[in-house]
Amino acid sequence: MGTSIMAVEYDGGVVMGADSRTTTGAYIANRVSDKITPVHDKIACCRSGSAADTQEVSDLVSWYLDMHSTELGEEPEVSTAANLFQKICYHNKNFLLASIICAGWDKHSGGSVYSIALGGTTVREPWAIGGSGSTYIYGYCDQEYRRGMTQSECEAFVQKGLTLAMARDGSSGGLIRLMTIDKNGCQRRMVPGDRLEKFTV
């Protein structure tokens, strides 16, 4: 699926965002798909690559995290979820087309963002982007990101970044879905395509 996904840490949580276009070659198979998938109460992933592969991987991670949290008697850490994604993607790298951004909040690390690339390489970063649209916005992210941004500033940063990616990438489009995760849980927001900022070349 053609995709633009993004996540960023702030002091107290994370903001995640994704476009909603799923393509089958040049054909738009779904223009309102949801690429932000919760895997636990305060952990979610942004999915890019094969929709089928990433849905199955996220289902497996969610199942493992449910068992793990039951054994612990507390909520799992975001790093645990990222390591589960890494193990599944690495050990099946010849069969999967899955690139994941795993992000969330836990009581040990606060908000954290992990990028799991094709093949399973996993890196914690203050912000991460992925999908076909991400190649168009590295300059924007390098220029505009700064440590210590507030929640609202991070939401605006993610929304503008995805808008720019969608404007350039023909395989990204539709609307923008945003998810904010903090100690109180997840909050979702959707920005319709006709309300996005317009950019002219």
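**Exercise 1. State which elements cover the buried residues of α2, then describe that helix and its surroundings in this predicted model.**

Step 1. The cover over the buried residues of α2 includes strands β5 (36–40), β6 (43–49), β7 (98–106), β8 (110–116) and β9 (122–125), together with helix α1 (51–72).

Step 2. Helix α2 spans residues 78–91, 14 residues in total. From its first C-alpha to its last, α2 reaches 20 Å, close to the 20 Å expected at 1.5 Å a residue.

Step 3. The buried residues of α2 are Val-78, Ala-81, Ala-82, Leu-84, Phe-85, Ile-88 and Cys-89. They cover an arc of only 155° around the axis, so they lie on the same side of α2.

Step 4. α2 lies across β5, β6, β7, β8 and β9, and runs at about 165° to β7.

**Exercise 2. Give the strand order of the sheet that contains β7, and find the strands at its edges.**

Step 1. The order is β5-β6-β7-β8-β9, an open sheet of five strands with antiparallel pairing.

Step 2. β5 and β9 each have a single partner strand and stand at the edges, so one side of each has no neighbour in the sheet.

Step 3. From one strand to the next, the twist averages 25°.

Step 4. Within this sheet, β6 and β7 pair in the antiparallel sense over seven bridges. Ser-48 has Ser-99 in β7 as its bridge partner.

Step 5. Helix α1 packs on the sheet and touches β5, β6 and β7; the direction of α1 makes about 20° with that of β5.

**Exercise 3. Classify Ser-99 and Ser-132 as buried, partly exposed or exposed, and list their contacts outside the local sequence.**

Step 1. Ser-99 lies in strand β7. Its relative accessible area is 19%, and the cut-off for buried is under 20%, so Ser-99 counts as buried.

Step 2. With neighbours within four places in sequence left aside, Ser-99 is in contact with Ile-5, Cys-46, Arg-47, Ser-48, Thr-54, Ile-116, Ala-117 and Leu-118. Ser-48 in this list is also the bridge partner of Ser-99.

Step 3. Ser-132 is found in the loop between β10 and α3. Its relative accessibility is 33%; because this falls between 20% and 50%, Ser-132 is partly exposed.

Step 4. With neighbours within four places again left aside, Ser-132 is in contact with Gly-2, Thr-3, Asp-169, Ser-171 and Ser-172.

Step 5. Ser-132 and Gly-111 are 21 residues apart in sequence, and their C-alpha atoms are 25 Å apart in space.

**Exercise 4. Work out which elements build the largest nonpolar core, and which of them gives the largest share.**

Step 1. The largest nonpolar core has 21 residues. Those with the most contacts inside this core are Met-6, Val-8, Ile-137, Cys-141, Phe-157, Val-158 and Ile-176.

Step 2. Two or more residues come from each of β1 (5–10), β10 (127–130), α3 (138–144), α4 (151–168) and β11 (176–182).

Step 3. α4 gives the largest share of this core, six residues.

Step 4. Beyond its neighbours within four places in sequence, Val-158 is in contact with Met-6, Val-8, Val-15, Met-16, Gly-17 and Leu-178.

Step 5. A second core, separate from this one, has 18 residues and includes Val-61, Ala-82, Leu-84 and Ile-88. Ala-82, Leu-84 and Ile-88 are among the buried residues of α2.

**Exercise 5. Describe the sheet that contains β1 and place α4 relative to it.**

Step 1. The strand order is β10-β1-β2-β11-β12 in an open sheet of five strands with antiparallel pairing.

Step 2. The edges are β10 and β12 (185–191); each has a single partner strand, so one side of each is left without a neighbour in the sheet.

Step 3. The twist averages 10° from one strand to the next.

Step 4. Four bridges join β1 and β10 in the antiparallel sense. Ala-7 stands opposite Ala-128 in β10.

Step 5. α4 lies across β1, β2 (13–18), β11 and β12, and runs at about 160° to β1.

**Exercise 6. Identify the residue with positive phi in the turn between β3 and β4, and describe the pairing of these strands.**

Step 1. β3 (residues 22–24) and β4 (residues 27–30) run antiparallel and are joined by three bridges. Thr-24 stands opposite Tyr-27 in β4.

Step 2. The two strands form a hairpin with two residues between them. Gly-25 in the turn has a positive phi of about 70°.

Note on methods. Residues are numbered from 1 along each chain as its sequence is written. This is a predicted model: local features need pLDDT of at least 70, side-chain atom pairs count only at pLDDT 80 or more; totals for chains, interfaces and linings use all residues. Side-chain values use heavy atoms; hydrogens and water are left out. A nonpolar core is a set of buried Ala, Val, Leu, Ile, Met, Phe, Trp, Tyr and Cys residues joined through side-chain atoms within 4.5 Å. Buried means under 20% relative accessible area, exposed over 50%, partly exposed in between (1.4 Å probe, protein chains only). Contact means heavy atoms within 4.5 Å. Two strands pair if DSSP finds at least two bridges between them. Axes are lines fitted to C-alpha atoms, for helices over the stretch in contact, and angles run from 0 to 180 degrees between N-to-C directions. The expected span of a helix is 1.5 Å times one less than its number of residues. The arc is that of the directions from the helix axis to the C-beta atoms.
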